[in-house]
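I'm opening a fresh notebook page for this one. Here is the structure, and then my entries as I looked things up.

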Amino acid sequence: MRRYLRVLLGCILFGLCSILYVFSQLAASLEPHDGWMGRKPQQRTAFLPGESGHGAGKGAGKTGLEDQHWYNRCKRFSVSFWNPYWRLPSGVCGKNCFWEAAFRYIMRKPDASDPSNTPVETMHLAVVACGERLEETVTMLKSVVLFNIKPIQFHIFAEDNLHVKFKDMLDSWSESYRLKFSYTVYSITFPSENAAEWKKLFKPCASQRLFLPIILKDVDSLLYVDTDILFLQPVDEMWSFFREFNSTQIAAMAPEHEEPSIGWYNRFARHPFYGKTGINSGVMLMNMTRIRKKYFKNDMTTAQLQWEELLMSSLKKYKLNITWGDQDLLNIIFHYNPESLFVFPCHWNYRPDHCIYGSNCKSAEEGGIFILHGNRGVYHDHKQPAFKAIYQAIQQYTFGDDPVHSLLYPLEQDLQKTTHTYCGKVQHLFTKQLQKSIGMIQDKVSRGR
């Protein structure tokens with residue numbers, strides 16, 4: 001008789017455990033998930049604990065952070081949360097909830113000093129694309145996603161007819177790479193006052209970048225790049241320059257020229273400019289919070305002006321004297337506010353001018369090119385074949401293919417054909433950092449990351 005009772009008791013316990021397991025698995029399958037996949041691309045986001053930027057805005061977004069940590073996942077769990085369809089409401093855990101709820105009181109809060117527990121920061125990158133710049137912009141974004149480490153949010157400003165095309169092209173990338181970024185596509189907008197002038201200033205829509213601090217009011221820090229930029233190493237390294245800003249610096253750019261004898265601003269400019277040779281705005285870090293708060297010195301009034309006022313006044317005064325549009329206005333602004341600019345080396349914004357008459361970017365000679373800037377259309381003509389070879393190699397690469405055999409080796413062969421040009425003679429500078437970046441990708445794959 002006792003034997004039968006033991007067997008009966010065992011069967012009952014097994015049955016109860018089975019029921020609990022089935023319910024927990026069913027709840028997990030029905031639990032709603034918020035993330036990038038399955039949303040409209042204009043709304044793709046990911047929750048990042050403590051997400052914030054730099055400077056004055058640092059620390060924003062930490063409200064309710066405690067409730068998001070793993071050790072609080074079932075803090076409010078109760079069977080009263082269950083509904084007739086056995087679906088847990090949003091914010092209540094699903095899978096393994098029974099066990100997590102039972103043992104939540106013995107869980108320990110992670111040690112904040114442990115680097116693995118540090119909240120992951122989201123980087124923000126903005127680009128402005130008008131006219132025939134769709135393919136070039138997507139290739140630039142591809143170079144970012146290929147190497148970036150931390151998650152990144154793309155802010156894409158484009159003419160309305162390009163919005164669907166951007167969505168289709170970005171959503172066509174393999175899932176493992178799509179999980180590395182989110183994006184939002186915006187329409188081109190200018191202040192109603194002088195809107196037509198702003199739009200035609202230099203190239204179509206180029207001056208949109210000047211208004212990013214006003215448009216992206218919730219973004220603390222931002223990396224702006226032109227469409228003709230290619231990243232040859234993780235954008236994370238460029239983003240780390242924000243930590244080197246002192247208390248007065250609000251933006252960062254590279255010099256327009258290293259060699260004054262071939263400089264444009266110091267020889268031809270009809271307006272004030274920064275430093276000895278001016279600055280190039282194709283790659284620009286912006287502490288947006290500081291820009292929005294700062295009052296700028298200027299040559300138009302004794303009173304200091306805020307960003308939007310300064311732009312309007314500068315356009316009125318200098319519109320007949322500027323050649324390079326928005327870049328000239330930035331040069332004027334930082335001429336009168338030099339303490340506000342952080343200057344980074346030329347290998348972070350390497351252009352044909354750095355090799356067209358012979359190599360004159362010393363930082364690139366030492367460490368290779370980190371960011372390639374193919375201005376003046378060199379990706380699409382035959383004037384600088386070394387630049388075009390890099391562009392085509394990244395454009396034609398397919399995510400998931402072996403980057404050594406599908407990207408690096410074909411590129412090295414194409415660069416061998418460019419040695420008749422000065423830029424081709426320093427072709428090793430174009431691949432030095434790229435080799436390291438590809439090695440990093442392979443290392444991650446080998447470790448299953």
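Which residue in E3 does Phe-157 stand opposite? I looked it up: the partner is Tyr-186. One thing to keep in mind for every entry here is that I'm reading a predicted model.

**Entry: the strands around that pair**

I followed the pairing outwards from there. Strand E2 covers residues 152-158, and 6 bridges join E2 to E3. The two strands run parallel. I then checked what lies over this part and found helix H4, residues 163-171. H4 lies across strand E1 (123-129), E2 and E3, and runs at about 170 degrees to E3. Another helix, H12 (residues 326-336), also packs on the sheet. H12 touches strand E6 (251-255), strand E7 (279-287) and E8, and its direction makes about 65 degrees with that of E7.

**Entry: the whole sheet**

Next I wanted the strand order. I get an open sheet of 7 strands, in the order E3-E2-E1-E4-E7-E6-E8, with mixed pairing. Which strands are at the edges? They are E3 (181-186) and E8 (341-343), each of which pairs on one side only. From one strand to the next, the twist averages 25 degrees.

**Entry: strand E6**

I stopped at E6 to see both of its partners. With E7, E6 pairs in the antiparallel sense over 4 bridges. On that side I noted Ala-254 opposite Asn-280 in E7. With E8, E6 runs parallel, and 3 bridges join the two. There I noted Ala-251 opposite Leu-341 in E8. Is E6 buried or exposed? I found 5 of its 5 residues buried, so E6 is largely enclosed by the rest of the structure.

**Entry: H12 and its helix neighbour**

I came back to H12, this time for helix H11 (residues 307-318). The axes of H11 and H12 come within 10 Å and cross at roughly 115 degrees. That makes the two helices roughly perpendicular. I logged the crossing as right-handed. From H11, the contact uses Trp-307, Leu-310, Leu-311, Ser-314, Leu-315 and Tyr-318. From H12, it uses Leu-329, Leu-330, Ile-332, Ile-333 and Tyr-336. Sorted by class, the residues of this contact are 10 nonpolar, 1 polar and no charged.

**Entry: H14 with H15**

I moved on to another helix pair. Helix H14 takes in residues 385-396 and helix H15 residues 403-415. Their axes are 9 Å apart, at an angle of about 160 degrees. H14 and H15 are therefore roughly antiparallel to each other. H14 passes H15 in a right-handed crossing. Which residues meet there? On the H14 side I listed Ala-386, Ala-389, Ile-390, Ala-393 and Ile-394. They meet Leu-407, Leu-411, Asp-414 and Leu-415 in H15. By class, I have 8 nonpolar, no polar and 1 charged residues for this contact.

**Entry: H14 with H3**

H14 has a contact with helix H3 (residues 134-147) too. Here the angle is about 75 degrees, with the axes 9 Å apart. H3 and H14 are therefore roughly perpendicular to each other. Glu-135, Glu-136, Thr-139, Lys-142 and Ser-143 are the H3 residues I found in this contact. Across from them are Tyr-391, Ile-394, Gln-395 and Gln-396 of H14. The split by class is 2 nonpolar, 4 polar and 3 charged. I also see that Ile-394 of H14 takes part in the meeting with H15 and in the one with H3.

**Entry: Pro-403**

I picked one residue in H15 for a closer look, Pro-403. Is Pro-403 buried or exposed? Its relative accessible area is 8%, so I put it down as buried. Leaving aside neighbours within four places in sequence, I listed its contacts as Tyr-397, Leu-408, Ile-438, Ile-441 and Gln-442. I also checked Leu-146, which is 257 residues from Pro-403 in sequence. In space, the two are 9.6 Å apart, C-alpha to C-alpha.

**Entry: the chain overall**

Last, I pulled the totals. I count 17 helices and 9 strands in the chain. Buried residues make up 50% of its 449 residues. Of the contacts with a separation of 6 or more, 72% involve residues 24 or more positions apart.

Definitions and conventions: Residues are numbered from 1 along each chain as its sequence is written. This is a predicted model: local features need pLDDT of at least 70, side-chain atom pairs count only at pLDDT 80 or more; totals for chains, interfaces and linings use all residues. Side-chain values use heavy atoms; hydrogens and water are left out. Axes are lines fitted to C-alpha atoms, for helices over the stretch in contact, and angles run from 0 to 180 degrees between N-to-C directions. Angles under 35 degrees count as roughly parallel, over 145 as roughly antiparallel, 65 to 115 as roughly perpendicular and the rest as oblique. A crossing is left-handed if the near helix is turned anticlockwise from the far one by less than a right angle, and right-handed if clockwise. Contact means heavy atoms within 4.5 Å. Ala, Val, Leu, Ile, Met, Phe, Trp, Tyr, Cys and Pro count as nonpolar, Asp, Glu, Lys and Arg as charged, and the others, Gly among them, as polar. Two strands pair if DSSP finds at least two bridges between them. Buried means under 20% relative accessible area, exposed over 50%, partly exposed in between (1.4 Å probe, protein chains only).
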